[in-house]
Amino acid sequence: MDNRCVVFYDSGAGGLRLFEKTRKAFPFENYVYFADEKYMPFGDKSKEELLKIFDEAEKKILSFCPKLLVVACNTMSCALAEEERSFPFKTIFVTPFVPGSEKTNKSSGLHERGGKWLLLTTPATAKSDYVKRLISDDKNVDLLPQKDLAERVEKWRKGGKKPDISLDFKNYKKNYDYVFLGCTHYGFLKNDFKKIFPKSKIVSGEERAFRSVRTFLNTFDNGVPGGNVYFAKS
């Protein structure tokens, strides 16, 4: 039995969907959801700023003594993935992917290759070396950074007004086979994206990340359901 916790890290509420899905699948685990709201949003930060933010957050994460850290933020994940850091616990990143990218078809469940893709990300994710390499010379992928959508979703999840994204994409082309939601905050608007892009399959990095989480946690037998859940903020 390994009672060490599973930590989910995000700037705010973005990672909650993946967190709840994992918690439902593995109710016997102990969980910490760490919202680094002090630095919300991450999407307007430089790589240097993001790494500095995580250096500070890592101290608190270590204090939780995790066996697994899920970086449930595409922006932070892209910044950290390029660093190839070594952690004393298993770490899973939520990152964008497109057909033909590293292990896409096997790990994402998408067996189709090719097609036209629209990749929606934060400005910081769009500027990352990770994404630049991912879509390098791929003429089938259009990258469309969203300036403040994550922040608008965060405000909505805290009791504000729901963003009307139909206005954001009113005059944008709709001829995509796939629309990739490259920010976990965008997942809360998945049904809205389906209405805007009715002929497109809506995809996100959370799907692939959950498969990795499930594979890892299936190696543990922690007994009966009833794990503890703790929510932390910066």
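This passage walks through the sheet of the structure, two helices that pack on it, and one residue of an edge strand.

The structure is a predicted model. Across the protein chain the mean pLDDT is 91, and 91% of the residues reach 70 or more. One stretch to read with care is residues 102-112, where pLDDT stays under 50. For those residues the model has 25 contacts beyond four places in sequence.

A good place to begin is the sheet. Five strands form this open sheet, and following them across gives the order S4-S3-S1-S2-S9, with parallel pairing. At the two edges are strand S4 (90-93) and strand S9 (229-233), each of which pairs on one side only. From one strand to the next, the twist averages 15°. The pairing can be followed in detail between strand S1 (residues 5-10) and strand S3 (residues 66-71), which run parallel and are joined by five bridges. To find one of these bridges in the structure, start at cysteine 5, whose bridge partner in S3 is proline 66.

Helices come next. Helix H10 (residues 205-217) packs on the sheet, where it touches S1, S2, S3 and S4. The direction of H10 makes about 175° with that of S3. Helix H1 (residues 16-25) lies across S1, strand S2 (31-35), S3 and S9, and runs at about 180° to S2.

Which residues of H1 are buried? They are Leu18, Phe19 and Thr22. Looking down the axis of H1, these buried residues fall within an arc of 100°, so they line one face of the helix. A general rule helps here: an α-helix has 3.6 residues a turn, so residues three or four places apart point the same way. As for what the buried residues of H1 meet, they pack against S1, S2, S3, S9 and helix H10.

Finally, alanine 232 offers a close look at one residue of strand S9. Is alanine 232 buried or exposed? Its relative accessibility is 3%, and because buried means under 20%, alanine 232 counts as buried. Setting aside neighbours within four places in sequence, alanine 232 is in contact with Tyr33, Phe34, Ala35, Lys60 and Phe64. A distance along the chain can also be set beside a distance in space: alanine 232 and proline 163 are 69 residues apart along the chain, and their C-alpha atoms are separated by 26 Å.

How values were computed: Residues numbered from 1 in each chain as written. Predicted model: local features only at pLDDT ≥ 70, side-chain atom pairs only at ≥ 80, totals over all residues. Heavy atoms only, no water. Pairing = 2+ DSSP bridges. Helix = DSSP H or I, 4+ residues; strand = E, 2+ residues; numbered from the N terminus. Axes fitted to C-alpha atoms, helices over the stretch in contact; angles between N-to-C directions. Contact = heavy atoms within 4.5 Å. Buried < 20%, exposed > 50% of the residue type's maximum accessible area, 1.4 Å probe, protein only. Arc of directions from axis to C-beta. pLDDT = per-residue confidence, 0-100.
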